[in-house]
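Welcome to a short set of exercises, each followed by a worked solution. Have the viewer open and try each task before reading on.

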Amino acid sequence: KVPSYLNKLFQNIPKEKIEVVVLGCTHYPFIQKELLDAFSHDVIFVDGSLGVCKRVLYLLKENNIENGQIQKGKLSFILTDPKTEMVISRYLKSSF
């Protein structure tokens, strides 16, 4: 479903003129492969997720709410778009 969604999203944009794609939301890296497949030429992807992770860790430490335990914690997602939920769900099932 993601490829058809991307084709619809890009239908009025000349994709051959796109050189750089900024993955500006935290969930976009989850669909980077599908984004790459949407182009027939080389495109540079700028992934800001590492910076987001570093900022979250900084804020957790600054507010003394970092989980200092070695064991894994609980991860919760709050999603407002069913399409995003489908992609994240598929990724999590294949990665964990």
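What is the mean pLDDT of the protein chain, and what percentage of its residues reach 70 or more? The mean is 82, and 95% of the residues reach 70 or more; pLDDT is the predictor's confidence in each residue, from 0 to 100.

Some ground rules before we start. This is a predicted model, in which local features need pLDDT of at least 70 and side-chain atom pairs count only at pLDDT 80 or more, while totals for chains, interfaces and linings use all residues. Residues are numbered from 1 along each chain as its sequence is written, and side-chain values use heavy atoms, leaving out hydrogens and water.

**Exercise 1. Find where confidence is lowest and highest in the protein chain.**

Solution. Start with helix α4 (residues 82-95), where the mean is lowest, at 69. Then turn to β2, which has the highest mean, at 90. Helices (H or I, at least four residues) and strands (E, at least two) are DSSP runs, numbered from the N terminus.

**Exercise 2. Describe how β1 and β2 are arranged.**

Solution. Step one: the two strands run parallel and are joined by 4 bridges; strands pair if DSSP finds at least two bridges between them. Step two: look across the pairing, where Val21 stands opposite Phe45 and Val22 stands opposite Val46. Step three: add the helix, and β1, α2 and β2 form a right-handed β-α-β unit. Right-handed means that, with the strands pointing away from the viewer, the path from the first strand over the helix to the second runs clockwise.

**Exercise 3. Sort the side chains along β1 by face.**

Solution. Recall that side chains in a regular strand alternate between the two faces of the sheet. Here, Val21 and Leu23 point to one face and are buried, whereas Val20 and Val22 point to the other and are not buried. Buried means under 20% relative accessible area, exposed over 50%, and partly exposed in between (1.4 Å probe, protein chains only).

**Exercise 4. Locate the aromatic pair and classify its geometry.**

Solution. A search of the whole structure gives 1 aromatic pair. The ring centres of Phe10 and Phe39 are 5.5 Å apart and their planes lie at 50 degrees, so the pair is tilted. The rule: rings of Phe, Tyr and Trp (its six-membered ring) pair if their centres lie within 6.5 Å, with planes under 30 degrees apart stacked, over 60 edge-to-face and the rest tilted. Next, place the partners: Phe10 is in the loop between α1 (2-9) and β1 (20-23), and Phe39, 29 residues apart from Phe10, is in the loop between α2 (32-37) and β2 (44-47). Both are buried.

**Exercise 5. Which residues have the most contacts inside the largest nonpolar core?**

Solution. This core has 13 residues, and Val21 and Phe39 have the most contacts inside it. α1 and β1 each supply at least two of its residues. A nonpolar core is a set of buried Ala, Val, Leu, Ile, Met, Phe, Trp, Tyr and Cys residues joined through side-chain atoms within 4.5 Å.

**Exercise 6. Is Glu34 buried or exposed?**

Solution. Glu34 is found in helix α2. Its relative accessible area is 17%, so Glu34 is buried. Leaving aside neighbours within four places in sequence, Glu34 is in contact (heavy atoms within 4.5 Å) with Val2, Leu6 and Arg90.
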